[in-house]
Amino acid sequence: MTWHVPADTVRAYVHGRIADADAWSVEAHLSSCEQCRAELAAEASHVPALMADVDSRWSAVAADLPAQGRVRRGTVWRELVVLVTAGPAARWAWLTASLAVLALAAGVGAITPMTGGGELPLLGMVAPLVPILGVAASYGSGLDDAHEVIASTPGGGLRLLLMRSVTVLAASSVIAVAAGLFSGYGSPVPWLLASLALVMLTLAFGSLLGVGRAAAAVGGGWAVAVTVATLDAPADAIPSLLTVEFAPVWLVLAVVAALVVTVRRDAFDHIILTTRH
Amino acid sequence: MKDGDSDDELLRAAGRGDRAAYEEYYRRNAPWLLIRLRRRCGDAELAADVLQETFLAVWRAAGSYAGSEQAGGWLWSIATRRLIDAHRRRAVRVEAAGEPYEELVRAPSAEDEALASSFGAELAVALDRLSPELRAVLQATVLDGLSVREAAVLLHIPEGTVKSRSRRARLALKEALA
């Protein structure tokens, strides 16, 4: 800014002998000009009536400074953390439930094999169901208090759904692997891949049915498939769905489902994601 | 801390808890703020109260200042909020006697006019022709950037009156400057 308030105008303003039009010009300019503010402060220091208030109020301010407010800047990371953690009101309940279910499955499976001679891999059967239910509960369900607010935001569609799904998968996989190690179950690779594939399938069907209904369908399908496979298998064999040899199939299923989600990604912005009502 | 620091730098330092920087910021900015507040409320005691509250708020919020060379406008926007709050409190307490904006009602003497140098004689004449009520509304809404509701609190008049006076003032200025 090249224009500055003339010195005699500053003086007139400080002493209150100034016409309104000029005072307005001075005030509008002072808001944006540091140099003129400094000049005015120098001029004002010769006015005792003014400086008495300035000094006494400084003493009052300095004697009683409050605690400063904490400023948290909005970063991408903070946004992620808030979106992931703030959503499901029942996240601790969900985590505890996952833990309990997997621990029970591992414990029961290890202590009392449910078929006559062979072992029924209870943990392997139950573990892939846990993340699906987590995904269903974490997004667009009655458990998310902020759901309607979130759904109305630009970031509330697929992006948030994927972020929460990743969170759920990460948490439940760690618990499942720990349960598997603890119970002496075999390689965790088959059921982890099965989990991934089922979650992707849930998302893919979710673009058509809504996430809640898709989770129910995929979960039910899994239960039926595992039961049939168990009945089908010889008493002492692990159902083929849960063997390492079957892993590539899960991988292909996951990739296909991921492709479906990519193609239908816009659907998550429009469909009704809630299963309430 | 040096004298060469800008207000921006002082505010940021104050936001990190630097009291010396905060004092320097106060020394530089309290005078103009106090003068402007006095011109707005005509009560030196109230103006000083608002000044104190404003700077307490500045200390609390200094960390959130992220502007560049907007420290003056930032400070004034905090001060206007405090000023309006003070008027609300006062309005609740008692319907005080006396005209708001007394210093605006008082017409400047010939000596005052001579002392002040004029930037735009036409604008000055046009402004002076406005009634004090119209001028007060124009000052609150245009110069100080208050909303209609805030101006109504500050001037102790209904919102509808603020709107109609503002419209009349703009029309009058437009005619005078045409």
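Start by selecting chain A: of its 277 residues, 39% count as buried. Keep in mind as you look around that this is a predicted model.

Now colour chain A by secondary structure. You will find 14 helices and zero strands, and following the chain from the N terminus takes you through α-α-α-α-α-α-α-α-α-α-α-α-α-α. Next, turn on the contacts within chain A. Of those with a separation of 6 or more, 75% join residues that are 24 or more positions apart.

For the next stop, select residues 92-114, 120-140, 161-185, 191-209, 214-231 and 237-261 of chain A. An unreviewed UniProt entry annotates these stretches as "transmembrane region". Let's zoom in on two of them. Residues 191-209 of chain A are 100% helix and 0% strand, and 25 Å separates the C-alpha atoms at the two ends. Move on to residues 214-231 of chain A: here too the chain is 100% helix and 0% strand, with end C-alpha atoms 26 Å apart.

Finally, bring chain B into view and select the contact between the chains. How many residues does each chain bring to the contact? Chain A supplies 38 residues and chain B supplies 44 residues. On the side of chain A that touches chain B, the elements giving two or more residues are α1 (7-14), α2 (20-30), α3 (34-44) and α4 (48-63). Pick out α2(A) in particular, as this helix gives the most to that side, with nine residues. Then colour the side of chain A that touches chain B by residue class: you will see 23 nonpolar, six polar and nine charged residues.

Methods:
Residues numbered from 1 in each chain as written. Chains lettered and ligands numbered in written order. Predicted model: local features only at pLDDT ≥ 70, side-chain atom pairs only at ≥ 80, totals over all residues. Contact = placed C-beta atoms within 7 Å. Helix = DSSP H or I, 4+ residues; strand = E, 2+ residues; numbered from the N terminus. Nonpolar A, V, L, I, M, F, W, Y, C, P; charged D, E, K, R; others polar. UniProt positions renumbered as here; feature names shortened; annotations may be inferred. Buried ≥ 20, exposed ≤ 12 C-beta atoms within 10 Å, placed from the backbone.
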